[in-house]
Number of protein chains: 2
Amino acid sequence: MESLSTLTGKYGEEGDQLLFKVLNNGDFLSKADEKALQNRNSSALIPSIARRGLRYDLTVPFARFLVMHQNELTFPFKRYQIQPVWRADRPQKGRYQEFYQCDADVAGSDSILYEAEFIQIFDQVFHELGLSVEIRLNNRKLLAGLAEVAGISDRMTAMTVAIDKLDKIGKDGVVRELEKAGMSKEAIYTVSSVLQTGRLSEETADLLSQTAIGRKGLEEIREVHEWLALAGPLHNTLTHDLTLARGLNYYTGCIFEVVSTESSMGSIGGGGRYDDLTGVFGLKGVSGVGISFGAERIYDLMEQLERFSEHTQDALQVLIIAFDQAAHQFGFTCLDTLRKAGIHAEIYPEPVKVRKQMKYADARRVPFTVLIGEEELTSGQLSLKNMRTGEQHALSLNQLINHLKTKATP
Amino acid sequence: MESLSTLTGKYGEEGDQLLFKVLNNGDFLSKADEKALQNRNSSALIPSIARRGLRYDLTVPFARFLVMHQNELTFPFKRYQIQPVWRADRPQKGRYQEFYQCDADVAGSDSILYEAEFIQIFDQVFHELGLSVEIRLNNRKLLAGLAEVAGISDRMTAMTVAIDKLDKIGKDGVVRELEKAGMSKEAIYTVSSVLQTGRLSEETADLLSQTAIGRKGLEEIREVHEWLALAGPLHNTLTHDLTLARGLNYYTGCIFEVVSTESSMGSIGGGGRYDDLTGVFGLKGVSGVGISFGAERIYDLMEQLERFSEHTQDALQVLIIAFDQAAHQFGFTCLDTLRKAGIHAEIYPEPVKVRKQMKYADARRVPFTVLIGEEELTSGQLSLKNMRTGEQHALSLNQLINHLKTKATP
């Protein structure tokens, strides 16, 4: 939860609509705005009955944190944060009302080096997850340059909002939006010529170089590449995409977006630089840059592409199955030894019929079972059964541990 | 978030008061209960303007999950869950409105073996955190036996609620509560005689054995000890505490509570068995047992007792400090090599004055810095500085990596 006042007005008008508000506890009507109540005016009533809201993202709460703790922190300050956020959007495939963001940010430096590092982080994380992605890079300053060249600097936000919808409404849709915003034919022509490819062609670069802000954007992009060239090659593709606007208004420099090259899942990562994030909370001059991973979408994508291995590191390796009470008690002592040896082991909680226990082992997809009956109690040799092949071996507990340690999966 | 109807009525009347409700989005007043609105009746209004609430704990949402997915799950079903929960309590030391619970539960078995395993989990986790704790064990059936012996079985809840307050209001306070509830002198005498020590003395055991439910409770406690005796000894103390009631009404068998032996932090863990948790959602006969760790309290305790090591595994091991632009670029290539070797390394983002970079290294408490200037660029030998001793060595990048790998901390 955050104070609603911390969240309101930070995500644009649409964002405010999507904030979840938490009702004040106790007799909240006793302090409600009487006029709003009488007029049945929901939005006017909110401030008097809900002083808290649910996080919409992790960036604004991070900014609030930076300002609150500015005297205790060392800048440049890096942090990562993995927490749920909430948006009152219509739920649909890949869009949840409650989901986890995984953010990393650096605040207190405008060094382009960090922008290169975030691209490296995207690259490495998705590589380690076994996902092939395209990392898209743009810079707000290029969009500002474009607006200036087109003579619509005063309508920069309207332009970026329109461009941001390119994926959804297509190029013609964007043109219509620009027309609706009352922009001239010439301006629209300039903007749409760049949208044509979205790539940073020499021609486009020349066009944007006509403005100081465009030159600065080109320079920043060039510097990102210089840093990356100094390190090892990326596993994934890095592309330029001038049509990448990302709705959030607080970006001022680089903008990132990550999409899968194997599926049309939409954005699974994003971020950018915000030159004045903490300004709204009274702390000027703190530049920051950060990225965010969308946990659920990445999870959905990995499920869809079957990138989760059947046997994860934490999966159950062996289930102990006891034939009677005495074997069950002995099995519990074995369980303790197995676990202390670092093996993920469980025992079926009762010495019920073996068939039932075996059925449970199958349902849990455990690769091995240890069978303990009267014979095993007498001999001290345990029966290790490979559940895939059906093979069974008589082993001492120590031999069994060694066997399981070398064969995590059958 | 959960449906408010999932949460309401599950935590007693006090719990309902402490639920945070999420205001419906959009024009919520248009569907508000007109009568409640006209009467300015806050609690009557809630259902019509807030259909969702924030989790009060993880157990009730777990029960809801079990019922929803009963046909896909294999029972006994184990899960752990680490998530925030919210309670509209007055915030104070050790009590937060938003905090993380770490829960582990087994559903679908009434085996006492699992109760022993949860004690082992408490024991091992706190041991690994370097905390000394007392694990308190009780059983609701013993409290039921006590109520029966005292002739107040019909007021079992009032009795446990009173006993639950023992820590706060003392024995005299509990007696007064029982008097207020209209219990007879004899009943109060029986109850308070047991409260005297809280220990499960032979005398108390004899008393409780007079009832079938008391005998069952004693038997369950004996069985927990039998299982534990089969495994290795515990690191921490396990005690019986008949005064342990824990407010939550859904417990029916064993009850756990963990307290620090080194600080008066209050409960840092708890749990118990609930024989019919899912019954309220329409699925009968699923017995469960589970435990919960209070993350913030454990964190506070570890801070208070200074149990966090200064250098954690993830802490920065080395900071690269460059004297000029060329050194800065070379430093970035070294950074990449260091990180690929598994060393936590950073580079100061700009080749600013060395004093400023050194101040930053001190503030970050980094054990080593690598200094790169013109000399280092020419010789290819880097200067590794031990920030604690001030010692400085000229090393190749490979030597430097080997040095850092063997000396994680200075």
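This passage describes aromatic pairs, charges over rings and salt bridges in a predicted model.

Aromatic contacts come first. Over all chains, the structure holds 21 aromatic pairs. One of them joins A:Phe122 and A:Phe293. The geometry of this pair is edge-to-face. The ring centres lie 5.2 Å apart, and the planes meet at 65 degrees. The contact links distant parts of the chain. A:Phe122 belongs to helix α6 of chain A, which spans residues 113–128. A:Phe293 belongs to strand β10 of chain A, which spans residues 288–294. The two residues are 171 residues apart. Both A:Phe122 and A:Phe293 are buried.

A further pair is formed by A:Tyr299 and A:Phe308. Here the arrangement is tilted, with 45 degrees between the planes. The distance from centre to centre is 5.0 Å. A:Tyr299 has a relative accessibility of 43%, so this residue counts as partly exposed. A:Phe308 is also partly exposed, because its relative accessible area is 38%, a value between the limits of 20% and 50%.

Ring pairs also build a cluster in chain A. Its members are A:Phe122, A:Phe126, A:Phe256 and A:Phe293. The edge-to-face partners A:Phe122 and A:Phe293 are thus both found in this cluster.

Charged groups also sit over rings. In chain A, the charged end of A:Arg87 is placed over the ring of A:Tyr56. The distance to the ring centre is 4.1 Å. In chain B, the charged end of B:Arg79 sits over the ring of B:Phe62. For that contact the distance to the centre is 4.0 Å.

Salt bridges were then considered. Side chains of opposite charge can pair when their charged atoms come close. A search of the whole structure finds 40 salt bridges over all chains. One of them connects A:Arg55 with B:Glu98. Their closest N and O atoms are 3.7 Å apart. A:Arg55 lies in the loop between β3 (52–53) and α5 (59–68) of chain A, while B:Glu98 lies in strand β5 (residues 98–107) of chain B, so the pair joins two chains. A:Arg55 has a relative accessible area of 4% and is therefore buried. B:Glu98, at 22%, is partly exposed.

Within chain B, B:Glu220 and B:Lys141 meet through their side chains in a salt bridge. The N to O distance is 2.9 Å. This pair links distant parts of the chain, 79 residues apart. B:Glu220 is in helix α12 (residues 212–230), and B:Lys141 is in helix α7 (residues 140–149). B:Glu220 is buried, with a relative accessible area of 5%. B:Lys141 counts as buried too, because its relative accessibility is 11%, under the 20% limit.

Another salt bridge in chain B is formed by B:Lys165 and B:Glu177. Here the closest N and O atoms are 3.3 Å apart. B:Lys165 is in the loop between α8 (156–164) and α9 (166–180). B:Glu177 is in helix α9, twelve residues apart from B:Lys165. B:Lys165 counts as partly exposed at 30% relative accessibility. B:Glu177 counts as partly exposed at 24%.

Some salt bridges share partners. Such bridges join A:Lys78, A:Glu117, B:Arg339, B:Glu346 and B:Arg364 into one network. Residues of chain A and chain B are both named in this network.

Definitions and conventions. Residues numbered from 1 in each chain as written. Chains lettered and ligands numbered in written order. Predicted model: local features only at pLDDT ≥ 70, side-chain atom pairs only at ≥ 80, totals over all residues. Heavy atoms only, no water. Phe/Tyr/Trp six-rings, centres within 6.5 Å; stacked < 30°, edge-to-face > 60°. Helix = DSSP H or I, 4+ residues; strand = E, 2+ residues; numbered from the N terminus. Buried < 20%, exposed > 50% of the residue type's maximum accessible area, 1.4 Å probe, protein only. Lys NZ or Arg CZ within 6 Å of the ring centre and 35° of its normal. Salt bridge = Lys/Arg side-chain N within 4 Å of Asp/Glu carboxyl O.
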